[in-house]
Amino acid sequence: MKVGGPRHRTILALLLLNPERTVSVDKLVDAVWGDQPPATARTQVSICIAGLRKSIRKAGITGEVIVTAHPGYLLRVGGHQLDNLEFSALVSRAEHAVQEKRLADAARHYSDALRLWHGPALAGVTGAAVEDEARRLEELRLNTYDDAIAVELELGHHQRVIPELAATVRAHPMRERTRHHLITAQYRSGRRAEALETFRLGRRLFVSELGLEPGPALRELHDAILHDDLVPAARDREQAAPEHERPRDPQAKPFELPPDVAAFTGRTEEMTLLDALLDRTEEVRGPTAGLITGVGGLGKTCLAVHWAHSVAEHFPDGHLFADLRGYDENHEPTPVGEVLGRFLRALGAPADRIPVGLEERAALYRSILAERRVLVVLDNVHSYPHIVPLLPSSPGCCVLITSREQLAELVAWPPRCRVQLGRLTEPEAVELLGRIVGERRVADDPASVARVAELCDRLPLALRIAGARLAAKPHWTVARLVALLSDERRRLDELSEGESQVRAGFALSYRCLSDEAARLYRLLGLLEIPDFAPWLGAAALDTDSATAERLLEQLVDAQFLDVAGTDATGRPRYRFQNLLRLYAHERAHDEESEPQRQAARERVFSGALSLADQAHRRFYGGDFSIIHGTAVRRPLPADVAADLANRPLEWLEAERLTLSAVVEQAAELGLDELAWDLAMSTVVLFETRDHTDDWRACAENALVATRAAGNVRGQGAMLHILGALEMRLRRFPEAEENFAAALALHTRAGERHGRALVLRSMAMIDEMRGELTRAMSRSTEALEVFRAVGDLSSEAHVLNNMAQIELDRGSVDRAAELARESVRVAEVFGEGGSRSLALATHRLGRVLLAQGRFVRAEEALLRMVRIVQDNSDTLGLAHGLLALGEVRLGAGRWEQARTTLTQALDAAEQVSNPLVEGRIKLVLGEACAKCGHRARALRHLTEARDCFARIDVKSWLERVDGALDALRPESASSQPPARVSSGDSQDRGGATRTAATTPTRRR
């Protein structure tokens, strides 16, 4: 697949590295531009995404691969294969085979995994984030290679691996394990002299480059070869075993770690972060401390124990472990004095010399550790003061703590390592299930296994419970467990059986919340929304935004909420993990009365309606082009209202998913007035940003609710906006059917304003079909009502439409009068009516273009472009730049026209509107032809024809076919047309009229 420039490659690489995970726009901007992004960075990311989607389609890849997912984009794997995921799966199978002593199978899996590599990872892709990942992948490849060679040596394939091993050592001479493998292979192949030489070359390199002797493993191997005493495999393994596995004095050198975790999976990044605890610098004079935090079930203890086992040899003087039971509801926290007594005995202190007092015990404990290197693991710590006596002071010691709290006091311990544990990745979750239930069951139904992982929130505890149930019931299919877990009412029950209970783990953390935070948490659980901002939390709790944000951050610290990022307004957004949302819903039903639950929901819903209402009003300059229901509006916090007034579309975009979810939930709860009013208020966003799926879903959900309630006005309003959607999609029969039904309902309800809005829409279809008399009649009737009710925006809009009708009739001067009147009306309500002003100036510019008044037309269209840019109206920008390009083409400024039209195409590709895209490519093709770029012209015109054919618009197909005919060699003129000046004296000059200067229809 051909990918665009460096930016496209960087963005695609970041998406590929995070399959099925949302990558925020901010992260993409940072990856491409680093610390100095341009002001247009977010727009350029959108353009790159559009280009990647087009490249994917051209490559013949079916399905929606890159999807928009707040707050960025997500790459769907679907039925496609990713080398990095396949590599991880093969390596996992190899490791599993090694554990089961199936070395031949392990060798085959390792070989298959390494064959997936074809040169350096992410070669040619720039950006710090991608380059860091490339280095990590290369290190992963080399580690896998070393593991594979170890298996080959165990199988006795010594001679076979020497050539490749020698090449790898030359490429990576500082890797001691790889050199160890090569020396072993050489010696066991009878090449003793070569083995010794390989060691000597390595030693010389280590001393000269690092000032260090080779590690103990290489030195021991060298000594064994010198004495012809390279031991058999069993003895090799004993000598190579970690120090904690060798015999030791249990009194002097304790090893109290629990057994390593069976089937431990993933957490590579977290393990790397913890490895920083091993780094010692001159500035570090005290012990190092690490903290692992996370809600119950994430595997904090598992990670701590697994890491402690992996670094055991770094702490030759012992390993201490204590469960402080800070969250155990059945027991008091473990007394610190008791823990100190046990630690002292383990460290060799005679029982009769252990002091009674806590301070004396702590002093003796620190004295014993003063000259030792000991790892201390403190599990389930509730508060920092509780563990102060257990913290050593020796610079050689390390403390690793697990807690559900942030323990801010640890900031005083440099260097520190904080690991905030999250969910497993999807591949890690599937791998963990596979290790528990067996790879065969995973292979038999991978889709169901992946679904189980998602239903378990990729939470290790939940995954282990689900895996254990499947392992205990081999007659069950994975699909059966999916069916059980899919019922949200039973999911926590299904995952809370036996000794390990997800619900119990959540309950322990829940009881530690403050009363206010706990109430906010359970009230939020009543809302079926994907993510939310602080204003919504304030509405749920009936408090102010500052208090709500403080409590939301408490919930984040306690791991009950995740931070989803920042939205288009710069505000933080929060979200639930599914299981925690279900638990919050349970707590709300157990601890809140039905009136309290209903009141909380209605506060949020009415706040959402107020937000959409104010954004619509701000965008239109008033309560225009809309009718409302009787639902109550909850006033927004002052800071939110002020910010919204400055950026209405950005606020609507930020809250789009929330507003859509509120419409759906309100409709389900029978709040029909609120549902249809909110759906109608959000159409301005759906129309401007081309969110047609949300548009349809909101209207249809609200229509169901209004029909169930017998709400005539609400039904009329929803059928109207559904008809407007069908009209936008060029599905005119469906649009007319909805409009006719809406008109009848509004007539029945006596709703004059709503009826006039429908007539205006019906007139637009009449005009597009050439039924100009009926279009003018309906527009005139609607205009009278708009003037009577004071709907200035709709008045300007219908005047704009009437100007187009006159333009279609050939009455250009009358069209100009109506267009100027539309502009005057739009200017009455000033900056707030920017959308109406944009529409009016766009129509005026097109009328002036039809008159051949190119300078005046350009002035009007430049004004329109500035307005839509300020409003972030991408579709409006595409239309404005298209018209501006046509003006410049008509004026004979072909190169400038081509540049303008290219910018228009970039905007159009962001909104996926084939009619607009086709029109731009048609005019762009003509501009390229005028500039002498025949091949480009042919390409643009052909693509334009494809766009028009896709939506079957015959009038535009005829125009593009005419342009293609004119481009053929036999039709081409040998002389270029005369250039027309753009000055006032030439405003009515004789530029040749083409499809570009033919009067065009509205958006």
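I take helices (H or I, at least four residues) and strands (E, at least two) as DSSP runs, numbered from the N terminus. The model is predicted, and I accept local features at pLDDT of at least 70 and side-chain atom pairs only at pLDDT 80 or more, while totals for chains, interfaces and linings use all residues. Residues are numbered from 1 along each chain as its sequence is written, and side-chain values use heavy atoms, with hydrogens and water left out.

Entry on the whole chain. I looked up the secondary structure and found 47 helices and ten strands in the protein, whose C-alpha trace spans about 105 × 75 × 60 Å along its principal axes. Of the 1003 residues, 54% are buried, where buried means under 20% relative accessible area, exposed over 50% and partly exposed in between, with a 1.4 Å probe and protein chains only. For contacts, defined as heavy atoms within 4.5 Å, I considered pairs at least 6 apart in sequence and noted that 68% of these join residues at least 24 apart.

Entry on Thr 293 and Gln 559. Thr 293 belongs to strand 4, residues 288-293, and I list it as buried because its relative accessible area is 3%. Setting aside neighbours within four places in sequence, I found Thr 293 in contact with several residues, including Lys 300, Ser 403, Val 419, Leu 421 and Gln 559. That last partner, Gln 559, sits in the loop between helix 26 (545-557) and strand 9 (562-566), and Gln 559 is itself buried, at 6% relative accessible area.

Entry on backbone angles. Most residues other than glycine have a negative phi, and I therefore wrote down two positive values with that expectation in mind. Phi of Gln 559 is near 70 degrees, and phi of Asn 380 is near 55 degrees. I placed Asn 380 in the loop between strand 6 (375-379) and helix 16 (384-387).

Entry on cysteines. Which cysteine sulfur is closest to that of Cys 512, and how far away is it? It is the sulfur of Cys 302, at 20 Å, and Cys 512 is not bonded to it because that distance is too far. With a disulfide taken as a pair of cysteine sulfur atoms within 2.5 Å, I count zero disulfides in the structure. Cys 928 is likewise in no disulfide, the nearest cysteine sulfur, that of Cys 931, being 6.5 Å away. On accessibility, I recorded Cys 928 as buried at 1% and Cys 512 as partly exposed at 34%.
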